[in-house]
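Visitor: I would like to learn how to read the pockets of a model. Please start with the terms.

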Amino acid sequence: MNEAQDLFSLLRQSTDVDLLAIDAIKRTIEEGNDRELCRINVPAFASKHGLDEERAISAFLHAARVGIFDISWNVLCPGCGGVLDTNATLKTLQKDEYTCALCSEGYSPTLDEMVEVTFTVSPRVRRIAAHNPHELPLMEYFRQIYWASGVDLPEEDFAKKMEAFSLEDIELAPGEKAVLPIQLPSEFVIVFEPVTHSVQFIDGKGEPTKERRSLSLVFDRDHVQNQTLEMQPGPLRISLENRTDARVLPTVFIAGQELHDFLGKRRPFLTAKRLLTNQTFRDLYRTDTLDINQRLKITSLTFLFTDLRGSTELYERVGDLSAFDLVREHFQVLHEIVAAEAGAVVKTIGDAVMATFATPDRAIAAALRMRDAMRELNDKSGREDLLLKIGVHAGPCIAVSMNERQDYFGQTVNIASRVQNLANAQAIFATRAVVDDNLTADLLHRNALTPVPHEVSLRGIEREIAVYTIP
């Protein structure tokens, strides 16, 4: 633990890391069981230890940066919650489609709910069983490796609850063969292998029979799914052969209500989208996010653009040095507000700022705070020097890498920028996609603000769109 102590000493030197979060992390590493340190779900960790989520995320990112944790970017099946692919960095997420054999569905990955980010303690700090996943017991392999951190698996009686829908299971070493005898019920049955993600569906139908049938299954890396077989209920011998270079764990599930209920409980998890909109992540991993050729989809992201109105006149009026100090102070305030509202500044262009937020309400909360902050700065100087124009829009986009920096591309970005151009220095402009959000509506209601709609034409946009003034 000497190296661990050194790493934690280094972590505590970070000025913006919550000490309570560091203490909770250190205590869990020292006292927690192995399972607690494999693919940590940060929102769940924060809830368990009474921490602010954003501060907990920041602490884990700093801890990973100094070597306490390894970050994992896991592609998820939205159906069963299984992990379809694991990546050490987002750069290696290159496939256009992922198939879940268990659900028999294909998915085009999005960064919203299909990619989770988890943290596993580094073997330099503490060795845990999951560092050698092929040595985990079958039940723990499913719990720690196959199912994602967003599946709310039971802490107590996990094995007992899995047994409620499991008929049989077996472990096969590389090259090993075995026979698994089962009594096929009058139900839909799944023979699933979580290491190779191989599956065989069997539909138990018709009159039960006493005749013993045989079924042969081979596990390799090329053939993961076979056609559904319809068979009469009764005795069945399943011959299994492992042709991979790792052990396999074929398990026979009954696809009934127990399995559905087991996998149906979900909990929040740290999505890739949320992490990309986190200021700490952008600061620490600025050049280590996306490959230059990647184009990753986000179903919905909120963009906030700001610009200073009349900045040229400001330089003329107060002089270059004073104007520069004012603009720099305004940038600092905006950065602090964006980070406080769980957003991230993507870039600054001249006197303009482009920021992203995972949800529209956080962007509007930031916009309201920005407007108040500019008023305070103007009151302090006794002049209306800082006149901030703000525009907010939400929608689909693509995460890309441009100029060695993670950026965003798409019509949503264009509209957000042009909505900001419409704004004046007294009002915030936002689109219907923003103000129709339930959390945004609640926020505006609490602040006694009523958005005023009007139809506008934006350059490069064929149709008129509804833009709302937030007075």
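Guide: For residue classes, Ala, Val, Leu, Ile, Met, Phe, Trp, Tyr, Cys and Pro count as nonpolar, Asp, Glu, Lys and Arg as charged, and the others, Gly among them, as polar. A pocket is found on a 1 Å grid over the protein atoms alone, as an open set of points where a 1.4 Å probe fits, with protein on both sides within 12 Å along at least five of seven lines; lining residues have an atom within 4 Å of a point. In this structure, the lining of the second largest pocket has five nonpolar, five polar and ten charged residues.

Guide: This is a predicted model, in which local features need pLDDT of at least 70 and side-chain atom pairs count only at pLDDT 80 or more, while totals for chains, interfaces and linings use all residues. Residues are numbered from 1 along each chain as its sequence is written, and side-chain values use heavy atoms, with hydrogens and water left out.

Visitor: Which residues are the closest to the centre of the second largest pocket?

Guide: They are Glu-54, Arg-55, Ser-58, Thr-280 and Ala-339, out of 20 lining residues.

Visitor: Which helix supplies the largest share of that lining?

Guide: Helices (H or I, at least four residues) are DSSP runs, numbered from the N terminus. Helix 4 gives the largest share here, five residues.

Visitor: How much space lies in the largest pocket?

Guide: A volume is the space filled by probe spheres set on the points, which are joined across faces, edges and corners. For the largest pocket this is about 590 Å³. Arg-35, Glu-36, Asn-41, Glu-155 and Arg-267 are the closest to its centre.

Notes: Helices (H or I, at least four residues) and strands (E, at least two) are DSSP runs, numbered from the N terminus.
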